[in-house]
Amino acid sequence: MWGERVPDVRLELVAVPAADAADLVRDRHVDVVLLRLPIDRSGLHAIPLYTETSVVVVEKEHVLTVADELTVDDLDDDVVLHPHDDTLDWDRLPGRPAVARPDTTAGAIELVAAGVGVLIVPQSLARLHHRKSLTYRPLIGTDDAPVPQSQVALSWIEGETTDLVEEFIGIVRGRTVNSTRGRGPAGGEDGAKSAGAKAGSGKAASSGKSAGTSAGRQSPKGAQQRGRPGRPGKPGRGGKPGKPRRRR
């Protein structure tokens with residue numbers, strides 16, 4: 001959508017560790033960032049976007065997969081892994097505690113695949129670390145044992161809401177191209193350097209993987225014509241003209 005609305009400014013997507021997301025935008029290494037709340041909001045704008053469903057990652061052959069959704073009581077007999085980079089703020093983790101806490105969510109996924117236990121994460125992280133041998137089920141809390149959820153927000157530096165940042169906000173929030181608040185000028189290279197068009201993502205933080213650079217400049221429409229060209233020296237073949245009808 002950015003490429004359609006602001007074709008002259010390249011949007012670069014960068015995967016960053018979740019713990020570093022707020023500092024990276026403060027230090028201007030990125031212009032806007034998708035991160036998980038809560039954060040220290042000093043000096044930052046933060047627009048909450050959505051709240052993710054918390055799910056239980058299990059082996060496909062696990063007995064828990066017979067249910068479409070699970071409750072915290074269903075995990076009483078299972079070892080529930082609790083990585084150090086957990087994005088969920090638990091008052092009390094359900095299930096049985098593991099002997100040791102894995103350092104990362106990615107490491108916890110390895111243990112689930114090895115049959116060591118189960119893992120509770122936001123749904124996007126379950127999708128990010130998808131394996132053929134694993135699946136997940138939504139986790140439902142109770143009044144006595146609520147399940148925390150992760151809220152995703154868009155953040156940028158206070159006082160630096162440029163036209164391009166405003167355009168990015170509009171796209172993320174689903175504004176139409178005719179919205180008065182979505183106004184992305186074709187800024188060219190100067191616009192890309194001054195206002196910036198990089199966006200970091202804390203969504204893939206636990207994996208440590210890097211995201212690729214997304215599309216740069218787009219070719220103007222009509223630059224290449226489709227269709228079958230004619231032979232050298234002759235016009236393109238458009239079919240034989242029909243004979244005119246006689247009038248009676």
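The paragraphs below go through a predicted model of one protein chain, from its overall make-up to single residues.

The protein chain has 248 residues, and 37% of them count as buried. Its secondary structure consists of six helices and 11 strands. The accessible surface comes to about 15,800 Å², with 47% of that area belonging to carbon and sulfur atoms. Among contacts between residues at least 6 apart in sequence, 73% join residues at least 24 apart.

Confidence should be settled before any detail is read. The average pLDDT of the protein chain is 78, and 72% of the residues score at least 70. Over residues 182–240 the pLDDT is below 50, although this stretch has 99 contacts in the model beyond near neighbours in sequence. Where pLDDT is low, the predicted coordinates should not be read in detail.

The strands can be taken next, starting with an open sheet. Six strands form this sheet, in the order β5-β9-β4-β8-β6-β7, and their pairing is mixed. The edges are held by β5 (70–71) and β7 (96–97); each has a single partner strand, so one side of each is left without a neighbour in the sheet. Within the sheet, β4 and β8 run antiparallel and are joined by four bridges. One residue pair that can be located is S54 with P122, the latter being the bridge partner in β8.

The largest nonpolar core draws on these two strands. This core has 14 residues, of which V56, L70, L75, W90, I120 and L139 touch the most other members. The elements that give two or more residues to the core are β4 (54–59) and β8 (118–122). L70 can serve as an example of the packing: leaving aside neighbours within four places in sequence, L70 is in contact with V56, L64, L75, R137, P138, L139 and I140. Apart from this core lies another, of 13 residues, and V6, V9, L154 and W156 are among them.

Strand β10 has two partners to consider. β10 pairs with strand β2 (residues 32–37) in the antiparallel sense over five bridges, and the bridge partner of V33 in β10 is S155. Strand β3 (residues 44–51) also runs antiparallel to β10, and seven bridges join the two. Here I47 has L154 of β10 as its bridge partner. Six of the seven residues of β10 are buried, so the strand is largely enclosed by the rest of the structure.

Just before this strand comes S150, in the loop between β9 (134–140) and β10 (151–157). Is S150 buried or exposed? At 1% relative accessibility, S150 counts as buried, because the limit for that class is under 20% relative accessible area. The side chain of S150 makes a polar contact with the side chain of R36, at 2.8 Å. Beyond neighbours within four places in sequence, S150 is in contact with R36, Y50, T51, E52, L88 and P122.

Among the helices, α5 (residues 163–172) is largely enclosed by the rest of the structure, because eight of its 10 residues are buried. The buried residues are L164, V165, E166, E167, F168, I169, G170 and I171. An α-helix has 3.6 residues a turn, so residues three or four places apart point the same way. After α5 comes G174, whose phi is positive, near 85 degrees.

Two arginines in other helices reach backbone oxygens with their side chains. R5 is found in helix α1 (residues 2–5). With a relative accessible area of 19%, R5 is buried, and the R5 side chain reaches the backbone oxygen of R175 at 2.8 Å.

The second, R26, is in helix α2 (residues 21–26). R26 has a relative accessible area of 22% and is therefore partly exposed. The side chain of R26 reaches the backbone oxygen of D40 at 2.4 Å. Not counting residues up to four places away in sequence, R26 touches D40, R41, S42, L44 and I157. R26 and L44 are 18 residues apart along the chain, and their C-alpha atoms are separated by 7.6 Å.

Technical notes:
Residues are numbered from 1 along each chain as its sequence is written. This is a predicted model: local features need pLDDT of at least 70, side-chain atom pairs count only at pLDDT 80 or more; totals for chains, interfaces and linings use all residues. Side-chain values use heavy atoms; hydrogens and water are left out. Buried means under 20% relative accessible area, exposed over 50%, partly exposed in between (1.4 Å probe, protein chains only). A polar contact is a pair of N or O atoms within 3.5 Å; within protein, one must be able to donate a hydrogen and the other to accept it, and residues adjacent in sequence count only if both atoms are side-chain atoms. Contact means heavy atoms within 4.5 Å. Accessible areas come from the Shrake-Rupley method with a 1.4 Å probe; for residues, only the protein chains shown count as cover. A nonpolar core is a set of buried Ala, Val, Leu, Ile, Met, Phe, Trp, Tyr and Cys residues joined through side-chain atoms within 4.5 Å. pLDDT is the predictor's confidence in each residue, from 0 to 100. Two strands pair if DSSP finds at least two bridges between them.
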